[in-house]
Every structure is written in structure tokens, then in C-alpha cells.
Amino acid sequence: MVEDLLIIEDLVKCYRGGTRANDGVSLQVEAGEVVGLLGHNGAGKTTLINQVAGLAVPTSGTIRVDGCDPVAEPARVRRMVAVMPQAHAPLAGVTPRQAIRTMARIRGMNKHDSRARTDELIGALDLGAWADTTGERLSGGVRRLTAFGMAASSPGRVVMLDEPTNDVDPVRRRLLWEQIRELADRGCAVLLVTHNVAEAERSVDRIVVMGSGKVLAEGTAAQLRSRTVGEFRLELTAPSADGIPPLPGHIPAAGPPLRAVRRLAIPLDSQAASAALAWGQQLRAAGVVDEFALVPVGLEDVYLQLAGGETAPDAEKGEHGESLAA
Amino acid sequence: MSHWLRSYGLLLGWTALRSRATLPLNLIIQTFLAVGIIVGFAYLVPEMDDATALYLATGAPVLGLITVGMVIGPQEVASSKQEGIFDFNRSLPVPRSALIASDATVALLTALPGMVAALVVAGLRFDLTLHISPLVLPAVLLTAFTAIGLGYGIGYGLAPAAARMMSQLVVFVALMFSPITFPASRLPDWFESVHRVLPFQYMAEAVRDTLNRPPEGVAALPFAVLAVWSLIGFLITYRMTARRP
């Protein structure tokens, strides 16, 4: 049986002034598992990480890191947990090689091993060209990769990464995901915060969606996708979404449409697909829409349905009545 | 203990690496400050006698230590809080006290060259014969740690914007209104009483009396007061570093 290295149960964190940053959060991360934490800004993700790392104390609820309580033994837990913070790592005057090696040493490695591990990470993340350039002259992406290297140098049992792929170029992003997987393969439990839904869908084992301090949904990408209505989505783009006529009666919609400024997205089941395509072609031929597309439902659709109800990042929320989050 | 020492050593190397970038500028500013006080303050004094020269010569290095500890210190802490470096450091698997000790060590090493520069400039400017006591070493260390400890206390205890303003106030008070470069007897009575509590006068006294030992010997009071102030500063720092909101 695989052990849960990170167990969070009914975690509540209230700040002065009454803000409930975490409101009854429960989640587990097993050894060898990568769990993605999705949610809007202010959903309570970073607060959660800080409590696990022993930097903040929960108002109520329990946290166990490999059986150890960060409230009672913060110093011990800090040695078991590696955190890559959302803010830039302090790299002014320091090169990626120096930073990764020093962190490996601070996390308990000997000189020889820390050097070997640093070379390994620099090679794996393709950082060789900047390995000896000081921080102030590094691009944002290289700084992010270095910060990841600092956390991954000697990762302990639980690794928490706060938006690790921000600013990183597409090629190194893949290398970074490989290294995140490698941490899990070493037996670490990896919890990572991301806003990149598509990446999370491809690269993590399980996804936890947070909103307003609560867990809104949890499961594999496939499990979460199955929560949404329809298998496809007909997307119509027009100068104004209001100008798009309603779906004809012979095409059954699988759920309420999502309306954006210039875009209408209608959920459909597979049997309605060909009729919907024909309708889309007609509309374009008539000049009513600029573009149309029939796309399979992705995790982003689920995410928007789940989390879109609160502080939607754009105009994707709209007329859909019942929320799957309920 | 071995974990503490190992952490301290590694953090010292880490902090030193990161301070290299700002070190040259720090040293230049300190040296200019020392020159400024010794040469510039002399213009304010119509007649330079030995007593005045001694106050300026021994006050300049103290002001250098105050600048590094209580002005640059809180400003660096304020920035580290705003840039997330403080939180990053707090997440490291090291004892909090080792973190503070390594920072304080680097600040001390940064402050000492400026202090030496001030003494060299004073030696060149004034024709002074000093009777240096061996107690000068603890006096300088205690003065430096009081400035550093209180500087950190300001930086960690106050919000960044307030800490920056406070550091400005400190330099203003220390430079113009503290009996560091002049005798306390020139101050109005009420202000003299205030300075009996504040650490500035005792910093100046400890350094002055050990650089030029008075006939009656070096007084213990300044050392005791400085030890208390330094302890207060580091305790606030420790509390704020170990604090878990």
C-alpha cells in the first residue's frame, strides 16, 4: 500500500479581520504522486502551502507530513519539506550553480553529493549556458528554473512548488515537468500550484480545484472531465456574441451555453456533432460568425464551470444556471 | 549544536555571496560618511581643540556603525520582506538563530572597514595621541551588535514603509542630536535625560573611552546598557523570524 506522505484534514485558516483563507480543506498526497492545485488568485493555495511548511499556524484542523505535525514540530518539518515559493528566489549576486549547490548543502547533502546533484539538475534543465551568470542578469524563466533546482536539490519527503512553470520557455517547460516527475519517482509527494490548466491536465496525477478557501473538486483529469456536461463544445466567434442566433431545435444542447464578449460555447453530446458542424458552416457562409470550431471538452471547461462562478478571470461566466461545484 | 554550526557556516557563505554585489557601494558610502563627519563637522567648530578633535575622531566610527546597523540594516530587511526573501529564508531547514547570526556576522564584517577608514581619516586630519585600551575590541563589537540588533528589530518589527522612515529618523537623530560627536552637557536637560536611556551616548562613550583611556579608567555602565539594548534588538528579531501568523 502506498503511504500518504501529506495529509491535510479539515484545515481552517482565518486571518485577523475574519478572512477565511482556508475553509475546511482536506487533501492527501501519496509518495510518488504529483498533485496539482488549481484555483483563482486568492483561492487559498499559498496559505495552504505556508501552513504545511510550518510558516503559518492553522486556526483548526490537522496537517501531517510523513506523520509529523508542523504545528508542534516546525523545525523538524522544515527539514522534511522543500518549498519553491511563488516569489523570485534571492539570486542577486549568486549564480544558479552556487544557489543550487548551497541549498543542497543547507538541506543536508555533503560537498561531493551536492556538486553531483547540482550538475545533474543543471544538465537536466538545460541551464548550462547560464549556470555561472549572476542572478541579476538572468531572465525570469532561468530564475524560476534555478528556484526549482534549489527546492529539488535535496527535496526531502514533500515538495511544494508554487507556480513552477511561470515565465519558462516551452522547451525547458517540458524538461521541468520531467524533473517534477523525477521527484515523484524518487518517492517524494509533490504538491504544485499552477494556473496553467492545460499543463496540469497533461502532467499531474491528480487535480484539486480550490475556490474561496474550499476544495471544489478533486480527482484525475478524466474524472473531473466526466463531471462536465457534454463531450464536445461548439465554439462560435462573431463580432458580438449577442448577434449569434439560438441553437436550432433539431440540435440538442447538452447544457447551457457559455457566453463571452465575442464567443459563444455550446456543450453538445457526440450524436449532435455532425448537425452542429453543418449549422456552424451555414452561419459562417452567411457571415453571421467569423469562425467556428467543434472541440472536445477539456479540463479548462470543467475548471471554468467550477471556479468561474466567483471572480471569473474573464467574461466566461454567464447564463449557465446550476454549477457543478455545488 | 553541530547542526547549528553547520547551518551557520553555510548560511554565512550564502549571505556573503549575496552581499558581494552591494559590498563595494556600502564601503564607499561608509568611507565618505566618515570623511564627511571628520572634515565637514570640523567646519562647524570655530576652534578645534584636542577635546573636540577627540569627539569627532571617535564619534565618526560610531556613526559609521550606526549607519550600517540601524540605517542600511532596516532598509535591507524591509526590501527582503517585500521581495519574499524573508519568507524564503524562513522556509529553510535551519535554526532561526543561525539565520540571524549569519546575517549579523556579515553586517559586522561590512561595517568594520568603514570604521577603520574613519579612524585612518581622523589620524590624518587631527594630531591625536590615543591611549588605546584592549577593551576597544569588546566596545566596538558591542556597539556594532547593538546597532545591528536594533536595526533588525526595527526592520522586522515594523512594516517595510515604517521601517524605512524609522531608519531615516535614526540617522537624523544620531547625526545631529546625539552626544556622539559632542559632549552630552551641551544638550538641554530634558534631552540629556532622554539620552540616558537611548543607546547612542553609550555607544560613543564605550568607543571613545577605549580608544583614549581616561585617567579614571573605562566605565562599565555603557557596556551594560549596550548589552541590554542589543539583547532587546535581537530578541525582537528572533521573535519576528520565528513568528507563525
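## Helices over the sheet

Let's start with helix H1 of chain A, residues 45-52: it lies across strands E3 (34-38), E5, E6 (158-162), E7 (189-193) and E8 of chain A. Its direction is about 150° to that of E6(A). Keep in mind that this is a predicted model.

Helix H5 of chain A, made of residues 140-152, also has a place over these strands. H5 lies across E5 and E6 of chain A, and it runs at about 175° to E5(A).

## The sheet itself

Now for the strands underneath. They belong to an open, six-stranded sheet in chain A, ordered E5-E6-E7-E3-E8-E9, and the pairing is mixed. At the edges stand E5 (81-84) and E9 (214-219) of chain A; each has a single partner strand, so one side of each is left without a neighbour in the sheet. On average, and with direction ignored, neighbouring strands of this sheet are turned by 15° against each other.

How many bridges join E8 to E9 in chain A? There are five, and the two strands run antiparallel, with E8 covering residues 206-211. Take Ile207(A) as a case: its bridge partner in E9(A) is Gly219(A).

## Nonpolar cores

The largest nonpolar core holds 141 residues. Those that touch the most other members are Val81(A), Ala151(A), Val158(A), Val159(A), Met160(A), Val190(A) and Val209(A). The element that gives the most to this core is in chain B, though: helix H3 (residues 50-82), with 13 residues. From chain A, the core draws at least three residues from each of domain 1 (4-219) and domain 2 (229-307).

Val190(A) makes a handy close-up. Setting aside neighbours within four places in sequence, Val190(A) is in contact with Glu33(A), Val34(A), Val35(A), Val159(A), Leu161(A), Ile180(A), Leu183(A) and Ala184(A). Apart from the 141-residue core lies another core, of 15 residues, and Phe232(A), Ile266(A), Leu268(A) and Ala276(A) are among them.

## A proline in chain B

Over in chain B, Pro222(B) lies in helix H10, which spans residues 221-242. Is Pro222(B) buried or exposed? It has 23 C-beta neighbours inside 10 Å, and the cut-off for buried is 20 or more, so Pro222(B) counts as buried.

Which residues does Pro222(B) contact, leaving aside its neighbours within four places in sequence? They are Tyr202(B), Glu205(B) and Ala206(B). As for Arg96(B), it sits 126 residues from Pro222(B) along the chain, and their C-alpha atoms are separated by 29 Å.

Conventions:
Residues numbered from 1 in each chain as written. Chains lettered and ligands numbered in written order. Predicted model: local features only at pLDDT ≥ 70, side-chain atom pairs only at ≥ 80, totals over all residues. Pairing = 2+ DSSP bridges. Helix = DSSP H or I, 4+ residues; strand = E, 2+ residues; numbered from the N terminus. Axes fitted to C-alpha atoms, helices over the stretch in contact; angles between N-to-C directions. Contact = placed C-beta atoms within 7 Å. Buried ≥ 20, exposed ≤ 12 C-beta atoms within 10 Å, placed from the backbone. Core = buried A, V, L, I, M, F, W, Y, C linked by C-beta atoms within 7 Å. Domains from an automatic or database assignment.
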